Amino acid sequence: MATQALYNRWRGQVFADILGQDHITKTLQNQIRAGRVGHAYLFAGMRGTGKTSTARIMAKAVNCVGETDAPPCDHCHICRSIAEGRSLDLIEIDGASNRGIDEIRQLRDSVSFSPSEGRYKIYVIDEVHMLTNEAFNALLKTLEEPPPHVIFILCTTAPHRLPDTVLSRCQRFDFRRAPLPLLLKKLHMICDQEKIAIERDALEFIARRATGSFRDAESLLDQLSSYSDGLEEITLEQVRSILGSVSSALVTQLVLSMTAGDLPAGLRTINQAIDTGAEPRQFLKEIIDHLRALLLVKVGGRDDRHALSAQALAEIGQLAEAGSF
Ligand SMILES: [Zn+2]
């Protein structure tokens, strides 16, 4: 059997596993408890914030037959069949590769059939903004009057690309970017359980690099853990070199040259960065993060995105105080 990616192995199975989205999970749980489940939901938000996981948990929760006040129990035969991807009542459709009217018509025809074992059939359409206009129109009729045993969960990273007619028929939930402490908490938990030895700074670097996406953070950790032999601790330097990142000293050096208007020194630093294996796009991103933080310090704000390490922020503070730009 192929080894499962960390992200899939550690995918949330119950509402409590969905970190940083309490505003959504609480509302959904209240609706289930009160027996007032909607028939069309829109889950919007950037990749890796828990939209698909929450949709699957919702499918379990509305169909769960376990003895619990807070479904899903995750143990009954229905919860298990959904968790193992065997359930016929959870239909997941990738909107990017099934974007035409024929696919949506097919879906529309299947909607009227009763669920096979649970109370509800749940249709999850991922990347729903990729559907064509004709497909949206065909979907609209079903969204207007879905059979009582059907729940639609539309997921998207680009809600602004959905027609208003679709938006107005859905209960919308916006998934937030995961804050750094939560990303770190989950990474720590995974490292503990998977026995991955990694420096704290290195883990923090991964969490910052993931910019709010659990999936990105876990994929990076996956990549790094397969690089290490499991005996020695993964260091920050290794993480930087594997991910094509440059040391923050080089970024600071370049920013200094820029603020001083010293073109030759700046070009030398860029060469040095590329020579030491920097990935140009990542280098550029780090420079922009640096300049952004510098600008914020300069106007008296603070960088709450945690894009930079404490050391880099201290250097920026000094640079801003020097006030040479
Ligand atoms: Zn259950």
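**Close-up views of a predicted model**

**View 1. The zinc site and its cysteine donors.** Cys 64 and Cys 73 are both buried, where buried means under 20% relative accessible area, exposed over 50% and partly exposed in between, with a 1.4 Å probe and protein chains only. Together with Cys 76 and Cys 79 they donate SG atoms to the zinc ion at 2.3 to 2.4 Å, donors being N, O and S atoms within 2.8 Å of the metal (3.2 Å for Na, K and Ca), with water not among the atoms, so sites may look incomplete. The donor spacing in sequence is C-x8-C-x2-C-x2-C. This is a predicted model, in which local features need pLDDT of at least 70 and side-chain atom pairs count only at pLDDT 80 or more, while totals for chains, interfaces and linings use all residues. Residues are numbered from 1 along each chain as its sequence is written, and side-chain values use heavy atoms, leaving out hydrogens and water.

**View 2. The two sides of helix H5, residues 101-111.** Helices (H or I, at least four residues) and strands (E, at least two) are DSSP runs, numbered from the N terminus. Ile 104, Leu 107 and Val 111 are the buried residues of H5; they fall within an arc of 55° seen down the helix axis, so they line one face, the arc being that of the directions from the axis to the C-beta atoms. Asp 102, Gln 106 and Asp 109, on the other side of H5, are exposed.

**View 3. The surroundings of Phe 43.** Beyond neighbours within four places in sequence, Phe 43 is in contact (heavy atoms within 4.5 Å) with residues including Leu 28, Ile 153 and Phe 175.
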